[in-house]
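Here's a quick tour of a protein chain, put together for someone meeting structures for the first time. Have a look at the picture, then work through the notes that follow.

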Amino acid sequence: MIDLSSLPYRPNVGAMLFDARGHIFLARRADLPDGIWQCPQGGIDPGETPEEAVRRELEEEIGTTKAEILGEYPEWLSYDLPPHLIGKALGGQFRGQTQRWFALRFLGSDSDVVLDRHLPAEFDQWAWVPPDEIASFNLGFKKILYATLVPALSRMASPL
């Protein structure tokens with residue numbers, strides 16, 4: 001049995017990417033059998049700022065740099081992995097993640113989204129989703145996190 005209190009949180013960023021209508025980019029994870037959907041997110045590399053990390057993650061995960069930062073959630077949000085993932089996910093080294101979330105405006109076109117720029121691809125499907133429909137997707141154990149983030153970050157990205 002792994003002592004959860006002995007494991008740290010992994011520093012991470014999240015990107016809530018909004019199109020001109022104020023819809024949110026949501027993608028289905030390719031590596032999970034349950035059809036889990038999420039926004040792009042990923043670890044912060046040593047020496048990297050959260051702003052640099054969120055831009056890098058967008059390029060790595062969805063193949064685009066065509067976005068501007070509109071704002072960020074005012075505090076770090078942490079979550080613990082479900083018990084069955086402790087010691088397996090995140091290289092087995094972390095109890096969960098502490099995240100800095102950003103609202104970004106997508107400045108490109110749908111053809112600028114390339115899910116397989118880096119292999120293996122993190123996502124296999126994506127959609128622009130109205131904020132009030134995000135909760136209807138399978139968000140897995142991050143559903144509570146999204147319930148906090150969607151209203152807060154959506155206020156930063158009103159439709160153009």
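Strands β1 (residues 9–18) and β7 run parallel to each other and pair over 10 bridges. Keep in mind that this is a predicted model. Strand β7 makes a handy starting point, and the wider chain comes after it.

**Who pairs with β7**
- In the β1 pairing, Met16 has Ala103 of β7 as its bridge partner.
- Strand β5 (residues 67–72) also pairs with β7, but in the antiparallel sense, and five bridges link the two.
- Glu68 sits opposite Arg105 of β7.
- Strand β6 (residues 77–80) is another antiparallel partner of β7, with four bridges.
- Asp80 has Gly96 in β7 as its bridge partner.

**Buried or exposed?**
- Is strand β7 enclosed or open? All 11 of the 11 residues in β7 (residues 96–106) are buried, so the rest of the structure largely encloses this strand.
- Here's a handy rule: side chains in a regular strand alternate between the two faces of the sheet.
- In β7, Gly96, Thr98, Arg100, Phe102, Leu104 and Phe106 point one way.
- Gln97, Gln99, Trp101, Ala103 and Arg105 of β7 point the other way, and both sets are buried.
- Strand β6 tells another story: Leu77 and Tyr79 point to one face and are buried, while Ser78 and Asp80 point to the other face and are not buried.

**A look at Tyr146**
- You'll find Tyr146 in helix α2 (residues 143–154).
- Why does Tyr146 count as buried? Its relative accessibility is 2%, and buried means under 20%, so Tyr146 makes the cut.
- Leaving out residues up to four places away in sequence, Tyr146 touches Met16, Gln38, Cys39, Trp101, Ile134, Leu139 and Pro151.
- Two of those names should ring a bell: Met16 is the bridge partner of Ala103, and Trp101 belongs to the β7 residues listed above.
- Tyr146 and Val114 are 32 residues apart in sequence, and their C-alpha atoms are 24 Å apart in space.

**An unusual link in a loop**
- Most peptide bonds are trans.
- Leu119 and Pro120, however, are joined by a cis peptide bond, with omega at about 0°.
- Pro120 lies in the loop between β7 and β8 (123–129).

**The whole chain**
- How many helices and strands are there? The chain has two helices and eight strands.
- Reading along the sequence, you get the pattern β-β-β-β-α-β-β-β-β-α.
- A compact globule of 160 residues would have a radius of gyration near 15 Å, and the chain has 15 Å, so the two agree.
- The C-alpha trace spans about 50 × 35 × 30 Å along its principal axes.
- Of the 160 residues, 46% count as buried.
- Take the contacts between residues at least 6 apart in sequence: 75% of them join residues at least 24 apart.
- The chain's accessible surface is about 8100 Å², and carbon and sulfur atoms account for 54% of that.
- The chain carries 15 positive and 23 negative charges, and the mean positions of the two sets are 2 Å apart.

Notes. Residues are numbered from 1 along each chain as its sequence is written. This is a predicted model: local features need pLDDT of at least 70, side-chain atom pairs count only at pLDDT 80 or more; totals for chains, interfaces and linings use all residues. Side-chain values use heavy atoms; hydrogens and water are left out. The radius of gyration is taken over C-alpha atoms; the globule rule is 2.2 Å times the number of residues to the power 0.38. Buried means under 20% relative accessible area, exposed over 50%, partly exposed in between (1.4 Å probe, protein chains only). Contact means heavy atoms within 4.5 Å. Accessible areas come from the Shrake-Rupley method with a 1.4 Å probe; for residues, only the protein chains shown count as cover. Lys and Arg count as positive and Asp and Glu as negative; His and the chain ends are not counted. The place of a charge is taken as NZ of Lys, CZ of Arg, CG of Asp or CD of Glu. Two strands pair if DSSP finds at least two bridges between them.
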